Amino acid sequence: MSAQSLTYLFVGLSFALYIGIAIWARAASTKDFYVAGGHVHPVVNGVATAADWMSAASFISMAGIIAFIGYDGSVYLMGWTGGFVLLALLLAPYLRKFGQFTVPDFVGERYYSKTARVIAVICLLVISFTYIAGQMRGVGIVFSRFLEVEIDTGVYAGMTIVFFYAVLGGMKGITYTQVAQYCVMIFAYLVPAIFISLLLTGVPLPQIGLGAPLLDGSGQTVLERLDAVLVDLGFGAYTEGQRSTIDVFAITAALMVGTAGLPHVIVRFFTVPKVSDARRSAGWALVFIAILYTTAPAVAGFSRLNFVDTVQNTAYDDTPQWLRNWEDIGLIGWTDKNSDGQIQYGPGAAFEGSAPVFGEGRGPAGERVVTNSPTEVANEIYVDRDIMVLANPEIADLPDWVMALVAAGGLAAALSTAAGLLLVISSSISHDLLKKTFVSTLTEKQELLCARLSAAAAVIVAGYFGINPPGFVAQVVAFAFGLAAASIFPVLFMGIFIRRMNRQGAIAGMVSGLVFTWLYIAYFKFWAPAANVPENWFLGISPEGIGMVGMLVNFAVAFAVMRFTAPPPDKIGKLVDSIRLPVQTVR
Amino acid sequence: MSEPNDAQQAGAYWRANLRLMAWLLIIWFAVSFGAGILFVDALNQIQIGGYKLGFWFAQQGSIFTFVILIFVYAVLMRRIEKRFGVDDTDEPDSYDVAPDQGETIH
């Protein structure tokens, strides 16, 4: 069977499985739709949280980014896992005890304010739509490469499938689909990683393989070779960072706090029966996440090494098929600057502009003609970092079924996260905006219908962003974290730990955190991208890390406003007391 | 099941919780921001299993520690809750589930 028909088979089978589960576990009530009835087992919820959490950014992009930036990529590894410690210690058990359907529910009740609820909904929508755009783009990439359709067509296909099971199944359908998606995803990630680790080092565990000696008899370990090869080409050493320490610190903090403040992750802890289950469940979630996250740096190191070996000083004619396949869909581009017919790889962008623009026809060596003007540096090749994980099986020359598996895994990662995001978007509209704010007369049945309709509308908006994406998958997603860190996390944290925090403080904090972070990011990314250099950054903190500062702004403003405004009513003190205890007392 | 009948008991439970949390967050900070970022260069002078130690903490060690921290928290919290009589182990699984208000929609 050809690689492509195998891919169709694997992807088709996995989709059939997800749809089957969605039909089996469809939601019957709003409680089913919002929190899967509230009786999900903690380990099952852990698996579902892992799938919910690990998006196209984790599966497709992360290892690719680490491959190209080495140590600096640690911000994603530590940031996206360390947040679960914050979640398990500071938020999940208390929000579970509070026991409502959505994150804005907590904000609205705790701060006794519809305004606070609506602002929380706005924060949630901004975060979730930013995040979901990245997922749809990931779906598009997988479809276009492996099923050889246009990226746009891939996005439409992804929209259709998510639409089907998120709209039908709600949280209940999503939970059990996510369990299946986790299995597909983790298998697809580990199989090539183990293969490649064995090929390079003879050690089956990639986590150990990355530090193990290479089998080529040189006596060097993988990391030593990487450092040597990259320094030779003019890059910095792989194991040493290029970013400033303060920026690495800020990005890691923003990603950690943002992780703990992501609404679609938080609501997963509303689905377990008890407070103690919420804590255990967070631990299990991180176990399942850590399996992929500790493998990712190994995949990154192996693939960078393989990539350099494959392209450096290789004549275009001798390059393997995968390189041309990715060139065909525009994610690799090559210009023979020194006309030697061979690819030279090195630091710096090969062309002006963020991505190659291809002209008609072929160049002298048979390559696609790139119309961007070449830069001064010797580097001749452009590689989209998103391709590294997907191309990995081909680069290492693994059997076709591994490639098909990786395609199915990438889709599972993107779809599971997209579904979780769609759910929080739809529940915040139907529950928080309609039922709790504007149309309190809504019946259960009407609310469920509204939830489904808003999920449907959200799919379409997400698809639009998928087709017109603002950047790399992981980059787009990184902004969602900044916004979550600056708005949702502080308001939840203060709601639990600061009894005196009142409505005015919370609202002022959320608004200032969100506005500050959004303006900083928008300024450097959209209005003045040319100014986006370390010299212009506030304290040397990049837009990716500004969420940490946004969080501090939020806290500072909230405490200042709190001091000059009336304390919250007595019943709020009682509410705070009750959420701090795992058992029922006051309420 | 015993419930705290006074605010004192609840207050003591809360302080024990905060103390435990503070210790675990110190470790959380030390392995990631400490070993993985602030002191990475110093630790990189040490080699373990083919990894520079600082690099290992940043890309592997901190993640393993995070997992352990959460389970330690879950286990110790259960103990603290038993001590103060506020544990939810006896609660039925359908503990906070409100009676299904919604009509079933087929």
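# Exercises on a two-chain predicted model

A:Leu519 is partly exposed, with 40% relative accessible area. The model is predicted.

## Exercise 1. A nonpolar patch

Place A:Leu519 in its helix, classify its accessibility, and name the surface patch that A:Leu519 helps to make.

Solution.

Step 1. Locate the residue. A:Leu519 sits in helix H20 of chain A, which covers residues 503-527.

Step 2. Classify it. Partly exposed lies between under 20% and over 50% relative accessible area. The value for A:Leu519 is 40%, so the residue counts as partly exposed.

Step 3. Check the patch cut-off. Patch residues need over 30% relative accessible area and no salt bridge.

Step 4. List the members. A:Leu519 joins A:Val511, A:Val515, A:Trp518, A:Tyr523, A:Phe526 and A:Trp527 in a nonpolar surface patch. The patch area is about 720 Å².

## Exercise 2. Chain B by itself

Describe the secondary structure of chain B, the order of its elements, its burial and its contacts.

Solution.

Step 1. Count the elements. Chain B has three helices and two strands.

Step 2. Order them. Starting at the N terminus, the pattern reads α-α-β-β-α.

Step 3. Assess burial. Chain B holds 106 residues, and 46% of them count as buried.

Step 4. Look at contact range. Take the contacts in chain B with a separation of 6 or more: 60% of them join residues 24 or more positions apart.

Step 5. Add the surface. Chain B has an accessible surface of about 5,600 Å². Carbon and sulfur atoms hold 62% of that surface.

## Exercise 3. The interface of chains A and B

How many residues of each chain are in contact, and how much area do chain B and chain A bury between them?

Solution.

Step 1. Count residues. On chain B, 59 residues touch 66 residues of chain A.

Step 2. Give the area. Interface size is often expressed as the accessible area lost when the parts come together. Here chain B and chain A bury about 5,400 Å² between them. Of this, 67% is on carbon and sulfur atoms.

Step 3. Count polar links. The interface has 11 residue pairs in polar contact, both residues being at pLDDT 80 or more. Helix H1 (7-38), strand E2 (51-52) and helix H3 (53-83) of chain B are the elements that each give two or more residues to the side touching chain A. H3(B) supplies the largest share of that side, 17 residues.

Step 4. Count salt bridges. There are three between chain B and chain A. Over all chains the total is 10.

Step 5. Take one example. B:Glu81 pairs with A:Arg279, with the closest N and O atoms 2.6 Å apart. That distance meets the cut-off of 4 Å for a salt bridge.

## Exercise 4. Two salt bridges within chain A

Compare the pair A:Arg117 and A:Asp105 with the pair A:Asp328 and A:Arg362. Are the residues buried or partly exposed?

Solution.

Step 1. Recall the principle. Side chains of opposite charge can pair when their charged atoms come close.

Step 2. Take the pair in helices. A:Arg117 and A:Asp105 form a salt bridge with an N to O distance of 2.7 Å. A:Arg117 is in helix H7 (residues 114-146) and A:Asp105 in helix H6, 12 residues apart.

Step 3. Classify both ends. A:Arg117 has a relative accessible area of 4%, so it is buried. A:Asp105 has 0%, so it is buried as well.

Step 4. Extend the network. Salt bridges link A:Asp105, A:Glu109 and A:Arg117. A:Asp105 is also in contact with residues including A:Phe98, A:His431, A:Asp432 and A:Lys436.

Step 5. Turn to the other pair. A:Asp328 and A:Arg362 form a salt bridge of 3.5 Å, N to O. A:Asp328 belongs to helix H14 (residues 321-328) and A:Arg362 to strand E4 (residues 358-362), 34 residues apart.

Step 6. Classify these ends. A:Asp328 is at 41%, therefore partly exposed. A:Arg362 is at 48%, therefore partly exposed too.

## Exercise 5. A residue in helix H7

Is A:Val121 buried or exposed, and which residues beyond its sequence neighbours does A:Val121 contact?

Solution.

Step 1. Locate it. A:Val121 is part of helix H7 of chain A.

Step 2. Classify it. Buried means under 20%. A:Val121 has 1% relative accessible area, so it is buried.

Step 3. List contacts. Setting aside neighbours within four places in sequence, A:Val121 touches A:Pro104, A:Ser428, A:Asp432 and A:Leu433.

Step 4. Add a distance. From A:Val121 to A:Tyr382, the C-alpha atoms are separated by 40 Å, with the two positions 261 residues apart along the chain given as their separation.

How values were computed:
Residues are numbered from 1 along each chain as its sequence is written. Chains are lettered from A and ligands numbered from 1 in the order in which they are written. This is a predicted model: local features need pLDDT of at least 70, side-chain atom pairs count only at pLDDT 80 or more; totals for chains, interfaces and linings use all residues. Side-chain values use heavy atoms; hydrogens and water are left out. Patches are made of residues with over 30% relative accessible area and no salt bridge: like charges are joined within 9 Å, nonpolar side chains (Val, Leu, Ile, Met, Phe, Trp, Tyr) within 5 Å. Accessible areas come from the Shrake-Rupley method with a 1.4 Å probe; for residues, only the protein chains shown count as cover. A salt bridge is a side-chain nitrogen of Lys or Arg within 4 Å of a carboxyl oxygen of Asp or Glu. Helices (H or I, at least four residues) and strands (E, at least two) are DSSP runs, numbered from the N terminus. Buried means under 20% relative accessible area, exposed over 50%, partly exposed in between (1.4 Å probe, protein chains only). Contact means heavy atoms within 4.5 Å. Buried area is the accessible area (1.4 Å probe) that two parts lose on being put together, summed over both. A polar contact is a pair of N or O atoms within 3.5 Å; within protein, one must be able to donate a hydrogen and the other to accept it, and residues adjacent in sequence count only if both atoms are side-chain atoms.
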